[in-house]
Amino acid sequence: MPDAVVIGAGPNGLVAANLLADAGWSVRVLEEQQEPGGAVRHDRGVDPAFVNDVFSSFYPLAVASPVLSALRLEEHGLRWRHAPSVLAHPLTDGSCALLDRDLDTTAGSLDAFAAGDGDAWRRLHELWRRLQPDLLGALFTPFPPVRSTARLALRLRAAGGLRTARSLVLPVRRLGEEEFRGEGGRLLLAGNALHADLAPESAGSGGFGLLMAMLGQTYGFPVPAGGAGALTQALAHRLRSRGGRIDCGTRVERIVVREGRAVAVRTAGQETVRARRAVLADVSVPALYGELVPAEHLPAQLMDDLRRFQWDFATFKVDWALDGPVPWQAEQASRAGTVHLADGMDELTRFAAQIAMRQVPDRPFLLFGQMTTTDPSRSPRGTESAWAYTHVPHDIRSDAGAEGITGRWDTADRERMADRVEHQVERFAPGFRRLVRARRILAPPTLEALDANLVGGALNGGTTALHQQLVFRPVPGTGRPETPVAGLFLASAGAHPGGGVHGAPGANAARAALRPNRALTGVQRLLTRRDRTGAPRRSPTG
């Protein structure tokens with residue numbers, strides 16, 4: 001019998017398993033798919049000569065994460081690669097905002113849009129430099145991050161106090177207007193905010209866009225050499241070297257609860273795997289509460305709160321094998337690993353508004369990845385392994401375009417949407433479609449079939465909006481990995497601090513499980529206060 005069973009071999013599950021193994025626990029990881037990694041995998045499914053990342057590709061949060069740094073994955077084969085420049089946002093008139101790890105290069109790019117905007121970027125970078133250590137500390141440590149928050153408050157006071165705090169909660173459109181005269185700096189912030197489901201007019205999108213932009217300025221947007229799965233392979237190798245076990249092709253159907261405590265899991269193959277100390281779940285929040293754990297073991301308030309749980313945007317992705325480099329009109333875009341494609345701030349707002357109205361956007365904002373530019377091992381010399389993804393509504397009512405995409409995501413829908421994505425690329429890179437040797441289409445249902453945590457193609461385990469962060473994540477009054485069931489911990493992106501490949505939810509869950517002689521926490525007292533009928537519940541010790 002292992003000390004711990006971890007459900008899901010995504011990055012958070014593997015981080016949790018590694019930390020438990022480091023503490024001397026025996027660990028067994030159960031993964032539904034035929035290989036570990038969750039949304040951190042690659043293959044040669046588009047063309048045998050090309051490596052394509054199936055889901056995520058660029059990992060600024062991973063290299064910034066103290067959680068992953070402490071695992072020393074370089075000792076287990078991980079190597080990082082960088083494109084010549086981090087990110088480009090070209091416009092159809094040939095101008096281009098460029099984010100580069102060299103601060104002067106970024107500033108010079110923005111001065112081309114409006115004199116003085118380079119200095120404005122330097123001022124934001126100086127603010128970031130002051131806040132960075134404690135901001136990242138607060139982001140990557142269990143909630144509430146008391147020490148980091150206290151230090152961060154002091155740094156905020158020194159950096160302008162309430163005025164700085166105001167800037168961080170602004171919508172990114174407003175933040176850009178206050179800080180920059182030209183469109184270049186505004187686009188770098190707003191495009192980065194839309195890496196999550198934060199529209200340009202969303203509160204807090206300014207702070208998130210600034211965070212992602214400054215992570216790129218400081219750390220770049222690196223990729224694992226050889227493919228995204230190299231990060232997974234390093235995590236898995238490290239775990240196995242410490243005696244951990246990973247069983248793939250093993251779907252967990254039920255968490256066994258006895259006397260209020262998680263004691264085992266039951267698989268689809270009817271195997272019961274007992275856990276001596278803890279069960280950690282790297283699964284989506286709705287999958288954990290009410291599916292893996294029957295509602296009879298959960299408070300009525302929690303089940304009611306789950307009706308209000310909000311997913312982040314659905315995702316549509318296309319992978320390509322290209323016969324040559326992308327023919328960008330703006331030359332600077334050819335040097336960037338990531339390229340944002342929207343013809344100005346208003347087009348970003350239009351895109352987000354169409355999603356809010358449950359329409360398939362007619363001019364989708366694209367995040368475009370040039371993988372061979374970033375890591376030459378991904379495809380033969382002179383070619384490019386590339387991808388683009390965009391967002392669509394979960395519940396589609398209409399198509400803002402003329403093609404009549406329905407949201408059924410049958411073959412006709414998939415092909416029409418992939419063509420729309422390619423036409424959007426063509427606006428910024430005429431001749432792109434002539435280079436396509438092969439393509440693979442990953443519609444929202446396809447993404448979910450490949451990773452059950454990506455419900456409807458949602459990448460971040462739930463919305464990044466303020467109403468589902470901190471003490472509101474995943475539901476009000478939580479913010480921590482403990483659950484109403486003793487010995488059961490939420491280890492997925494559904495928990496604080498949310499999506500992105502940084503390992504913090506898994507690390508937080510492992511640390512909570514490792515606390516010796518753990519008494520019932522305040523979070524658990526809150527969650528278990530009433531049973532499903534509303535009557536007071538007794539604690540396991542009472």
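What percentage of the 542 residues in the protein is made up of buried residues? In this predicted model, buried residues account for 59% of the 542 residues. The secondary structure of the protein comprises 19 helices and 21 strands.

The overall dimensions were examined next. Along the principal axes, the C-alpha atoms of the protein occupy a box of roughly 70 × 55 × 50 Å. The radius of gyration is 23 Å, which agrees with the value near 24 Å that a compact globule of 542 residues would have. Of the contacts between residues at least 6 apart in sequence, 72% link residues at least 24 apart.

The interior contains separate nonpolar cores. The largest nonpolar core consists of 45 residues, and within this core Trp121, Leu189, Leu215 and Leu348 have the most contacts. For leucine 348, when neighbours within four places in sequence are left aside, the contacts are with Leu187, Ala190, Gly191, Leu194, Pro200, Ala342 and Phe365. Another core, of 37 residues, lies apart from the largest one and includes Leu14, Val67, Leu71 and Leu235.

At the surface, the protein exposes about 20,900 Å², of which carbon and sulfur atoms supply 50%. With regard to charge, the protein carries 64 positive and 57 negative side chains. The centre of the positive set and the centre of the negative set are 8 Å apart.

Definitions and conventions: Residues numbered from 1 in each chain as written. Predicted model: local features only at pLDDT ≥ 70, side-chain atom pairs only at ≥ 80, totals over all residues. Heavy atoms only, no water. Helix = DSSP H or I, 4+ residues; strand = E, 2+ residues; numbered from the N terminus. Rg over C-alpha atoms; globule rule 2.2 N^0.38 Å. Buried < 20%, exposed > 50% of the residue type's maximum accessible area, 1.4 Å probe, protein only. Contact = heavy atoms within 4.5 Å. Areas by Shrake-Rupley, 256 points an atom, 1.4 Å probe, with all protein chains shown as cover. Lys, Arg positive; Asp, Glu negative; His and termini not counted. Charge placed at Lys NZ, Arg CZ, Asp CG, Glu CD. Core = buried A, V, L, I, M, F, W, Y, C linked by side-chain atoms within 4.5 Å.
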